[in-house]
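Trainee: Could we take a close look at one part of this protein together? I'd like you to walk me through it at the level of residues.

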Amino acid sequence: MDARKFVEEQVRDISARVGGRAIVALSGGVDSTVAAAIVNRAIGDRLLAVYVDTGFMRKGETERLESMFGRLGLNYRIVHASDLFFDSLEGVADAEKKRVAIGRKFIEIFEEEAGAFQAEYLVQGTIAPDWIESGGTLRDRIKSHHNVAGLPENMKLKLIEPLRDLYKDEVRTVARHLAIEVSERQPFPGPGLAVRVLGGLTREDVEIEREACAIVEEEIEKAYAERRMDALPWQYFSVLIPVRSVGVQGDVRAFGRTIVVRAVLSKDAMTARFADLPHDVLENIATRITNKLGSSITRVVYDITNKPPATIEWE
Ligand code: XMP
């Protein structure tokens, strides 16, 4: 694809179409960051970038992103909303209901922010697989990606989705063209760690998942930096599942839960193959996770399922 032409066309189209103010749902991932950068070029300060800290972000993420937003020259605001998100998920264990509840909360917050900013438009980093997999007339609903499923029918904001027809590799091409520093980052789902803690959520479980996920990322990135791996997988993370098994801690019986390590290779997330991680990397991950989280986690397993038949995330 011709990234320069794509950006020019989008900027031209958006500046012609959008007369008023807009807010962008900025997650700090490649998609929303590219969408924000394009709309920023088109309408400048009439765009407000809103980053919502849901409480389901990765370790250190909010602090890292805050400094990036400053460097991007965006007009941005950070909303700390973890209490609101936890409250809205109380007693919700079903995967689809969790996604829909999180999506709704997102939209509610954006509508509030948009009202305060007097925005008429909502910019989203939706890409082609997001809406294809959320089910159209021709396709079965596989899972509701939060940026599609949560939209209320009577939403007052008009949508701007500049990346709607692009696949991930094309978004990265555009990101490189715009010199956006997160261009090579692995995708992170909108509902964040909430869909990586299976079933009902507690703050403590999200904390366990956050620690485990950080260990998976650190060990894989370290192996890649030390050239023990040729390339980084497309995505690599952990999932906390409510399966208990017997372990030993010191010489005492333990009965903890399970962390699944997931690492996949893909081109566009529509299909994926499990990554053949070196065994020493897997072993380091398991050792660090059980050392750090031993009172809660007694077992670490590796997911060797491709997509299809599985999906990349577990919920
Ligand atoms: P699945 O699990 O459906 O995921 O194979 C495909 C890709 O999409 C990411 N993903 C999401 N991205 N909002 C997003 O923006 C979401 O709700 C969402 N759910 C999954 C997933 O991490 C993978 O890269």
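Trainee: Which side chains meet in a salt bridge at 3.0 Å, N to O?

Mentor: Happy to go through it, keeping in mind that this is a predicted model. The pair you are after is Arg-203 and Asp-83, whose side chains form a salt bridge with 3.0 Å from N to O. To place these two residues, note that the protein is divided into domain 1, residues 3-177, and domain 2, residues 196-302. The contact between these domains draws on 19 residues from domain 1 and 17 residues from domain 2. Their C-alpha centres are 28 Å apart, and about 1400 Å² of area is buried between them, with carbon and sulfur atoms giving 57% of that.

Now for the polar side of the story. Between domain 1 and domain 2 the count is three salt bridges, and seven residue pairs are found in polar contact across the interface, with both residues at pLDDT 80 or more. On the side of domain 1 that touches domain 2, helix H4 (82-88), helix H6 (128-133) and helix H8 (168-177) each supply at least two residues. Sorted by class, that side of domain 1 has nine nonpolar, two polar and eight charged residues.

While you have domain 1 on screen, have a look at helix H5 too. Helix H5 covers residues 95-117 and spans 33 Å from its first C-alpha to its last, close to the 33 Å expected. At its start, a side-chain oxygen of Asp-94 comes to within 3.1 Å of the backbone nitrogen of Glu-96. After H5 comes Gln-118, which has a positive phi, near 60 degrees.

Definitions and conventions
Residues numbered from 1 in each chain as written. Predicted model: local features only at pLDDT ≥ 70, side-chain atom pairs only at ≥ 80, totals over all residues. Heavy atoms only, no water. Helix = DSSP H or I, 4+ residues; strand = E, 2+ residues; numbered from the N terminus. Expected span 1.5 Å × (residues − 1). Polar contact = N/O pair within 3.5 Å; in protein donor to acceptor, adjacent residues only side chain to side chain. Domains from an automatic or database assignment. Contact = heavy atoms within 4.5 Å. Buried area = accessible area lost by both parts, 1.4 Å probe. Salt bridge = Lys/Arg side-chain N within 4 Å of Asp/Glu carboxyl O. Nonpolar A, V, L, I, M, F, W, Y, C, P; charged D, E, K, R; others polar.
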